[in-house]
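Colleague: I would like to understand how the ligand sits in this protein. Can you take me through it?

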Amino acid sequence: MSLRLAERKKELKQERLARIREALGSRCIVLIGLMGAGKTAVGKRLANRLGLAFIDADSEIEVAAGQTVSEIFAEHGEPYFRQGEAKVIARLLQGEAKVLATGGGAYMDAGTRAKIKANGVSIWLKAELPVLLHRVHRRDNRPLLAAGNPETVMRKLIQVRYPVYAEADITVESRDVPHELIVYDVVEALARWLDGETKPDATGGRSKVR
Ligand code: S3P
């Protein structure tokens, strides 16, 4: 490829990213999905690509509480964690546009879903069971999985949560491939979805990448 062509391609890519940022306005890009779906890994790279801040809701909860998620579950129980989670996410949805990775249970709360709808664009990183299990086996910081057989717990969560996650504006399949490829899919899907907002006939306002 000639140097000029390469430069032009780079320019077009930058223009496309700038268009996404403009169409987004002050809304957050909110990543949802089960533990191990890649919300943090993809979110960080996505934010970097778009020139936006990245925030992980679980880390914010930990800072606010001065305890790890596991400690909060152990000392105060899950309902207490959920209350804090809803509060922290409501706060993070305010202000400037950013990429926000949420914990797997956050989107199950109807109030949080409504706030995400009002102040964000939601993207479900949808992954198959083997991908999720493979990823979560690497760490033991997830109290829900520590409470039983991880595969059984994960199957149940898929059953209960996937119909609700399906309400997200955009769905992207999170496969066992380098995270950069998923980021690419997310950018494409986001651009199409934002386009569909101005031209509703184009996508009907929903977007899926498989
Ligand atoms: C949870 C997922 C975790 C964390 C907590 C509960 C869930 O976040 O919020 O352990 O209910 O699925 P990740 O999805 O980032 O692992």
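Here are some questions and answers on the ligand and its pocket.

Modeller: This is a predicted model, where local features need pLDDT of at least 70, side-chain atom pairs count only at pLDDT 80 or more, and totals for chains, interfaces and linings use all residues. Residues are numbered from 1 along each chain as its sequence is written, and side-chain values use heavy atoms, with hydrogens and water left out.

Colleague: Which residues are closest to the ligand?

Modeller: A residue is near a molecule if one of its heavy atoms lies within 4 Å of it. By that rule, 13 residues surround the ligand. The closest are K39, D58, R82, R142 and R161.

Colleague: How far is a polar side-chain atom of K39 from an oxygen atom of the ligand?

Modeller: A polar contact is a pair of N or O atoms within 3.5 Å. For R82, a polar side-chain atom lies 2.6 Å from a ligand oxygen. For K39, the value is 2.4 Å.

Colleague: How do the residues of the shell around the ligand divide?

Modeller: Ala, Val, Leu, Ile, Met, Phe, Trp, Tyr, Cys and Pro count as nonpolar, Asp, Glu, Lys and Arg as charged, and the others, Gly among them, as polar. The shell divides into five nonpolar, three polar and five charged.

Colleague: Which residues lie nearest the centre of the largest pocket?

Modeller: A pocket is an open set of points on a 1 Å grid over the protein atoms alone, where a 1.4 Å probe fits, with protein on both sides within 12 Å along at least five of seven lines. Lining residues have an atom within 4 Å of a point, and the largest pocket has 29 of them. Nearest its centre are T40, D58, R139, N141 and R142.

Definitions and conventions:
Polar contact = N/O pair within 3.5 Å; in protein donor to acceptor, adjacent residues only side chain to side chain.
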